[in-house]
Amino acid sequence: MPYLFRLLCILSVLFPSFALAQGQCTGIDLIGALEPTEREAILSEASTEKYGDGLLWQASKGETTLTIFGTYHFKHAQTLDHLERLKPFLDEADKIYLEISGADQAAAQQAMASDPSMMFITEGPTLPDMLGEEKWQDFKAEMQARNIPGFMAAKFKPLWAAMMLGIGPCEARSGALESSGIDQLVGEYAEAIGTPSRSLEQFDELLSTLDDMPIDQQLNMIELSLAWPGNMDDLSFTIRERYLNEEVALTWIFSKYVSLKFGGETAEEDFAIFTEVLLTKRNNDWMKVLERDIENGDEVVIAVGAGHLPGEIGILNLLEEQGFSISRLPLLN
C-alpha cells in the first residue's frame, strides 16, 4: 500500500515509544529473485510506462517552471542528499507544494491525537470480530512484530491496519514512524526560508476519502498482506532500493503483480479501486489546485509521493496534456 504511510507518523506523537533509533534494514531484492519469465514480464511492462524512471523533473510552459520531486515518505540513506539537491530550487521558489503542508500536518497530528476515532474504531465490531479468529491471530502477530500491542491493533480502522502491514517489521522497529522523511524536511526548510509549504489536499478530505472505501475492500487489503507468503522486510527493502535507483514505475508494477497473484478472486477489482481512490482521483484533484493557484512566471516546487509521477494517470503526463514540456533532471551529482 505505497505512499500513504507518511500519515502513520502520527503514531509517534500518540505513542512516542514506537519511535526507536534509526537503523538500516536490509533484505532480498524480490524483483531480482523472481523467476526469469516473471521478472522479464514485469520489467517489460514497467518500461512502457510514461515517465517511469526518474525522481526529479521540470515542467515548463511559458515563463512558468515547475520542479517536481517524487518522495519516499520514510527516512533512508540518501534523504539528506535529496534535500540538499532540492534546496536551490526551494530557495528560488515562489510556491512550494506538499501533499499536505507542514502547517496542516502539524494540525492533523494534533487533531488525531485529540480524536482517536479518526484512526481507531471507538464503537462497534473491532478487527478480531471482522477478521475472524485465525486471521486476527495472524494480524496480531504481525503487529507485535512491529512493536504494536494486540489491544491497540484490535482497534485500528481496517484501512489503517492494512497500511500498517505495508511497513516492514524492521522499518517499524527502526523508527520509520518518525516524521523525518523528505516531505517533513522540505516543509521545515520551506518554513525556514520564508516560503511556507502549501497543501495539495486537505487532511480531513483525505481521511473522508479513506473512510468512504467499502469495509469489505479494506478488509481485503489486510487479507492480501496476510496471504502473501513473502517476507515484508524483503518487500520494504525492494521498494526502497528500487526507489533509490529511480525505478518508480517498476515498484508500482511489482506491487500490482503481488496484489493480483495473491489477492484472490477480487484482486483485480480491489487493485482498481485502490488505484482510483489513492492515485487517479487525488492526482486529478491536485491538478485543479495547481491550475487555480499557479500564475504565469511562477517558480514552483512540488514534492509528492513518487508513485504519483509515472504513467498515463501520473501528474507528469497530466501536466504534459496541459501543454507543459517535461524534462528529467539528474538527482545526485
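## Ties, burial and two unusual angles

Let's start with a link. The bond between C25 and C170 is left-handed, with -90° about the S-S bond. It joins two places that are distant in the chain: C25 sits in the loop between α1 (11–14) and α2, C170 sits in helix α9, and 145 residues separate them. One point before I go on: this is a predicted model.

What kind of link joins C25 to C170? It is a disulfide, with the two sulfurs 2.0 Å apart. How many disulfides does the count give? One.

Are these cysteines buried or exposed? Buried means under 20% relative accessible area. C25 has 7%, so C25 is buried. C170 has 18%, so C170 counts as buried too.

Stay with C25 for a moment. Which residue has its C-alpha atom 9.2 Å from that of C25? It is D234, and the two are 209 residues apart along the chain. Find D234 in helix α13. D234 is buried, because its relative accessible area is 12%.

Next, salt bridges. The count comes to 16. I'll show you three pairs and one network.

Pair one is E38 and K261. Their closest N and O atoms are 3.0 Å apart. Again, distant parts of the chain are linked: E38 is in helix α2 (residues 36–47), K261 is in helix α14 (residues 248–262), and their positions lie 223 residues apart in the count along the chain. How open are these two residues? Partly exposed lies between the 20% and 50% cut-offs. E38 has 23% relative accessibility, so E38 counts as partly exposed. K261 has 45%, so K261 counts as partly exposed as well.

Pair two is K256 and E45. Here the distance from N to O is 2.6 Å. K256 is in helix α14, E45 is in helix α2, and they are 211 residues apart. Look at both pairs on the structure. E38 and K261 link α2 with α14, and K256 and E45 link α14 with α2. K256 has 23% relative accessibility, so K256 counts as partly exposed. E45 has 31%, so E45 is partly exposed too.

Pair three is E171 and R240. Their side chains meet in a salt bridge, at 3.4 Å from N to O. Why does this pair tie separate parts together? Because E171 lies in helix α9 (residues 169–173) and R240 lies in helix α13 (residues 232–244), 69 residues apart in sequence. Are they buried or exposed? Both E171 and R240 are buried. Now the network. Salt bridges with shared partners join D29, R242 and E247.

Keep helix α9 in view. E171 belongs to helix α9, and C170 of the disulfide belongs to α9 as well. Helix α13 also comes back: R240 is there, and D234 is there.

Now charges without salt bridges. Which residues form a negative surface patch? They are D91, E92, D94 and E299. D91 is in helix α3 (residues 79–92). D91 counts as partly exposed, because its relative accessibility is 43%.

For contrast, turn to helix α8 (residues 158–165). How many of its eight residues are buried? Eight, and the helix is mostly covered. Among its buried residues are P158, W160, M163 and L165. Here is a general point about helices. An α-helix has 3.6 residues a turn, so residues three or four places apart point the same way.

Last stop: two backbone angles. Y51 has a phi near 55°, which is positive, and Y51 is not a glycine. Look for Y51 in the loop between α2 and β1 (56–61). Y51 has 19% relative accessibility, so Y51 counts as buried.

The other is E246. E246 is not a glycine either, and its phi is positive, about 65°. E246 sits in the loop between α13 and α14. At 12% relative accessible area, E246 is buried because the cut-off is under 20%.

To wrap up, take three things to find on your screen. Find the disulfide of C25 and C170. Find the salt bridge of E38 and K261. Then find E246 in its loop between α13 and α14.

Technical notes. Residues numbered from 1 in each chain as written. Predicted model: local features only at pLDDT ≥ 70, side-chain atom pairs only at ≥ 80, totals over all residues. Heavy atoms only, no water. Salt bridge = Lys/Arg side-chain N within 4 Å of Asp/Glu carboxyl O. Helix = DSSP H or I, 4+ residues; strand = E, 2+ residues; numbered from the N terminus. Buried < 20%, exposed > 50% of the residue type's maximum accessible area, 1.4 Å probe, protein only. Patch = residues over 30% accessible without salt bridge, like charges linked within 9 Å, V, L, I, M, F, W, Y side chains within 5 Å. Areas by Shrake-Rupley, 256 points an atom, 1.4 Å probe, with all protein chains shown as cover. Lys, Arg positive; Asp, Glu negative; His and termini not counted. Charge placed at Lys NZ, Arg CZ, Asp CG, Glu CD. Disulfide = S-S within 2.5 Å.
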